[in-house]
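Welcome! Please take a moment with the sequence and the 3D view before reading on.

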Amino acid sequence: MQTVVDKGSLKRLVMVRYGELFLKSEPVKHHFIGLLLRNIGKALTASGIRSHYETPRGRILIFGDDPEKIADIVSRIFGLVDVSICTKTSSHIDDLCAEAVALASAHLSSGMSFAVRAKRQQKSGLDSQELGARIGSAIYEHIPKLSVDLDNPDYEIFVEVRDFGGLVYDSRITAPGGLPSGTQGRALVLLSSGIDSPVASWLAMKRGCEITHLHLDGGRWAGSDVKSAAIENHKRLSRWCAGNPLMMVIANSEPLYDRMQELRIPPRYRCVICKRFMVQVAARLMEHEGALAIITGENLGQVASQTLTNLSVISKGVTVPVLRPLITYDKEEIITLARRIGTFDTHPGDLACRAVPKMPATAAVLEVIRECEQKMDIDTLVTQACTELQYVTALNSEIVSGK
Ligand code: ATP
Ligand code: MG
């Protein structure tokens, strides 16, 4: 079948789908989509891309000079589930067939299998099945020796007919899902040089939180590369909030370890006291940062200090919520996510903690820990840690100030 297409009416654009927002009531959905559009706009502007968008039902269509670059950037925007580079055509079947044949010809050759996934929004005209069959026949006639395989095709092509015209595309780039940044308020994330806390931070971002990072610098008690690896984690996470500066606060925790040593606090309690100190410093800084919760990368049973008993003693160090997005994850699951996020390989060098004892207590008793803390005058140590702060700002995967 020979079809003619008016090339002037074709336009390449980026179509994005959002997920859970569908479940919201109309006013909430409207508000969340507004934030999504703001986030998309900021991310694209930060990369010097001029764009405009349309918002037909259930979709956002982004028009701009470089659809590949736009697709790459928006595929890291929270709240979006997938992204496709499409050609916009008229809704006329001949135009749809011509574009589908043109796109498929670049990817299909004899002997391959394919499937057409067709969808239409309008009530009149061809239904989805007829549409798929017509487009399938056009491709089939154009390229010899193809077969149709709807379950496991070598190549898939998608055609949508909507109020405004047709869309033809053949790839769906997975976006992170979740909720748009800015929908859930701010959280203070305890960010280390490790693998877990960057993933915890990302998961909180994914659910719509804005983030401030807090790193405790253990000075001579921390490995010589700990601080720089934590800053590297911070920098890499800023890629996930493109166009928005990501702030990291660094507080000095060296005096805490000095005091534990000086007062001969039993080494087995050090880890729990250290983590309680971290959440207490975080709680003090929360108001200033406008944060509503503390987030950590702790995980049930991963290390001796992370038993349920110890986590409960740590949480009792503060009255604000301590959230642990990774609590039930296996290490392998965390590593898989860290690779996807781009924070897995930030960790070379000396990252050891010199305060960790050989046998940390696995069932710390709150009263005993409190006695140790009183002896150490923990409140003064917390106050001291909060007075000398360093701020590091990351923007679009670069440290822009404070290093
Ligand atoms: P991670 O758990 O991030 O891989 P880690 O294994 O070095 O780092 P843990 O001892 O498991 O650290 O600490 C548990 C949690 O405490 C971390 O996930 C992180 O949220 C927080 N944390 C640990 N060290 C620091 C630090 N120096 N500064 C800020 N937060 C920290
Ligand atoms: Mg850990």
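Y140 is found in helix α4, which covers residues 128-142; here helices are DSSP runs of H or I with at least four residues, strands are runs of E with at least two, and both are numbered from the N terminus. At 46% relative accessibility, Y140 counts as partly exposed. For this label, buried means under 20% relative accessible area, exposed means over 50%, and partly exposed lies in between, with a 1.4 Å probe and protein chains only. Together with V148 and L150, Y140 makes a nonpolar surface patch of about 320 Å². Patches are built from residues with over 30% relative accessible area and no salt bridge, where nonpolar side chains (Val, Leu, Ile, Met, Phe, Trp, Tyr) are joined within 5 Å and like charges within 9 Å. The accessible areas come from the Shrake-Rupley method with a 1.4 Å probe, and for residues only the protein chains shown count as cover.

A word on how to read all this: the model is predicted, so local features need pLDDT of at least 70 and side-chain atom pairs count only at pLDDT 80 or more, while totals for chains, interfaces and linings use all residues. Residues are numbered from 1 along each chain as its sequence is written, chains are lettered from A and ligands numbered from 1 in the order in which they are written, and side-chain values use heavy atoms, with hydrogens and water left out.

**The chain as a whole**

The protein chain has 12 helices and 16 strands. Its C-alpha trace spans about 85 × 40 × 35 Å along the principal axes. Of its 403 residues, 51% count as buried. On the exposed side of that scale is E332, with a relative accessible area of 56%. E332 has its place in helix α10 (residues 331-341). Between the C-alpha atoms of E332 and G182 there are 30 Å, and the two residues are 150 residues apart along the chain.

**Charged pairs**

Side chains of opposite charge can pair when their charged atoms come close. How many salt bridges does the structure hold? There are 20, each being a side-chain nitrogen of Lys or Arg within 4 Å of a carboxyl oxygen of Asp or Glu. Here are some of them.

| Salt bridge | Closest N and O atoms |
|---|---|
| D72 and R76 | 3.3 Å |
| E232 and R236 | 2.9 Å |
| R354 and D350 | 2.6 Å |

R354 is partly exposed at 42% relative accessible area, and its partner D350 also counts as partly exposed, at 24%. Elsewhere, salt bridges with shared partners join R17, R59, D82, E160, R162 and R172 into one network.

In the first pair of the table, D72 is partly exposed with 39% relative accessible area, whereas R76 counts as buried at 13%. E232 and R236 both belong to helix α6 (residues 226-237), and because they are four residues apart there, about one helical turn separates them. E232 is partly exposed, at 21%, and R236 is partly exposed too, at 23%.

**Cysteines**

How many disulfides are there? The count comes to zero, a disulfide being a pair of cysteine sulfur atoms within 2.5 Å. For C86, the closest cysteine sulfur is that of C97, and because it lies 17 Å away, it is too far for a bond. C86 is buried, with a relative accessible area of 1%. C271 is in no disulfide either, as the nearest cysteine sulfur, that of C353, is 6.8 Å away. At 12% relative accessibility, C271 counts as buried.

**Spaces in the model**

The largest pocket holds about 930 Å³ of space. Its lining has 38 residues, and those closest to its centre are S192, K275, M278, Q306 and C353. Two or more lining residues come from each of α5 (196-206), β11 (210-217) and α8 (270-289). Which element gives the largest share of this lining? That is α8, with six residues.

There is also one cavity of 30 Å³ or more. The largest cavity has a volume of about 110 Å³. It is lined by 13 residues, with N39, I77, W240, C241 and A242 nearest its centre.

Both kinds of space are found on a 1 Å grid over the protein atoms alone: in a cavity a 1.4 Å probe fits but cannot get out, a pocket is an open set of points with protein on both sides within 12 Å along at least five of seven lines, and lining residues have an atom within 4 Å of a point. Grid points are joined across faces, edges and corners, and a volume is the space filled by probe spheres set on the points.
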